[in-house]
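Please look over the sequence and the model shown here before reading the explanation that accompanies them.

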Amino acid sequence: MAASENPRDRAVQHMFNRIARRYDLLNRVISFRLDNRWRKQAIQSIWTADNPLILDLGTGTGDLTFSALKWSPTGKPVGRNPEQEPRAKAGARVEGATGGGRIVGLDFSLEMLKLAQTKSRSLPHGEQTHFVLGSALVAPFRDAVFDGVMSAFVLRNVSDLALFFSQAFRVLRPGGRIVTLDMFPPSTGLFAKFYGLYFYRLVPWIGALLARDRDAYQYLSESVRTFHSPMMVAKILKQTGFEHIRWRKFLCGSVCMHVAERPNSSGIPA
Ligand SMILES: C[S@@+](CC[C@H](N)C(=O)[O-])C[C@H]1O[C@@H](n2cnc3c(N)ncnc32)[C@H](O)[C@@H]1O
């Protein structure tokens with residue numbers, strides 16, 4: 001499948017196909033599993049309705065999609081009658097609950113998607129997930145079909161961020177929310193120095209060692225170093241038509257979560 005005519009997208013697609021088998025391991029090692037906390041917050045910020053249909057753009061091996069199965073805030077065990085589940089109070093988190101929603105994961109890397117598909121077969125409620133091969137820049141979905149759109153660690157990789165957000169806007173129902181997580185160059189100070197040393201110097205070596213692909217992890221470092229500021233990302237969201245844009249920084253600004261809403265046709269936010 002062609003990613004697009006854009007050479008940068010094609011290079012990114014090939015790179016993720018190449019590193020797919022080692023991606024999860026490297027992710028855990030590099031992030032010290034801190035990403036789980038941020039993923040949970042991201043999911044809870046868009047899971048605003050019962051039984052939502054959610055799109056995960058750039059799902060990769062499905063981490064965010066499967067986290068959503070675990071951490072949806074509505075806490076209704078799927079396939080069971082809540083009447084028969086006295087401990088499952090509305091709003092309470094139930095381990096393994098899905099809130100009754102369905103999640104569609106889109107990615108243009110076939111190798112990443114194959115791993116997501118394999119995981120979905122072995123996870124509880126995995127049948128509530130669906131994986132689609134395609135580019136987020138020409139998302140193969142009808143307008144206004146999703147209740148929420150989420151995306152983790154993808155923004156830095158796309159060749160045209162405005163187009164990425166406009167596709168998300170198009171497929172979201174009016175009043176629906178988008179949430180994104182990504183890495184940014186951290187603010188100045190001691191942490192920024194430590195981060196520079198770790199992320200820009202050490203991470204490419206870890207990539208060389210564990211994934212045997214230094215170039216890919218050099219690219220990862222560079223993509224953070226040269227990425228926009230959180231303020232700029234918010235500006236692009238606004239230009240795309242989103243409203244109620246807010247963002248939250250984690251780990252001294254090295255990770256940032258943006259949340260925004262597609263306006264209701266009535267002009268009244270959901
Ligand atoms: C760093 S990984 C993140 C994967 C996953 N979201 C996570 O949180 O672990 C980035 C993913 O975005 C995908 N990607 C990048 N640009 C894309 C695009 N234009 N369309 C579809 N997928 C894209 C890559 O193939 C890769 O799987």
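The paragraphs below go from the overall fold to the surroundings of the ligand, and then to a single residue.

The model is a predicted one, and its secondary structure consists of eight helices and seven strands. The protein has 270 residues, of which 41% count as buried. When the contacts between residues at least 6 apart in sequence are considered, 75% of them turn out to join residues that are at least 24 apart.

Around the ligand there is a shell of 20 residues, among which Gly58, Gly60, Ser109, Ala136 and Ala152 come nearest to it. Two elements, α1 (residues 7-31) and α3 (residues 63-71), are those that give two or more residues to this shell, and the element that gives the most is α1, with three residues. In terms of residue class, the shell around the ligand is made up of 11 nonpolar residues, together with six polar and three charged ones.

Among the individual residues, Asp35 can be described in some detail, beginning with its place in helix α2, which covers residues 35-46. Asp35 counts as buried because it has 22 C-beta neighbours inside 10 Å, and the threshold for that class is 20 or more. Asp35 can also be set beside Asp63, which is 28 residues away along the chain, and the C-alpha atoms of these two residues are separated by 10.0 Å.

Terms used
Residues are numbered from 1 along each chain as its sequence is written. This is a predicted model: local features need pLDDT of at least 70, side-chain atom pairs count only at pLDDT 80 or more; totals for chains, interfaces and linings use all residues. A residue is near a molecule or strand if its C-beta atom, placed from the backbone, lies within 6 Å of it. Helices (H or I, at least four residues) and strands (E, at least two) are DSSP runs, numbered from the N terminus. Ala, Val, Leu, Ile, Met, Phe, Trp, Tyr, Cys and Pro count as nonpolar, Asp, Glu, Lys and Arg as charged, and the others, Gly among them, as polar. A residue is buried if 20 or more other C-beta atoms lie within 10 Å of its own, exposed if 12 or fewer, and partly exposed in between; C-beta atoms are placed from the backbone. Two residues are in contact if their C-beta atoms, placed from the backbone, lie within 7 Å.
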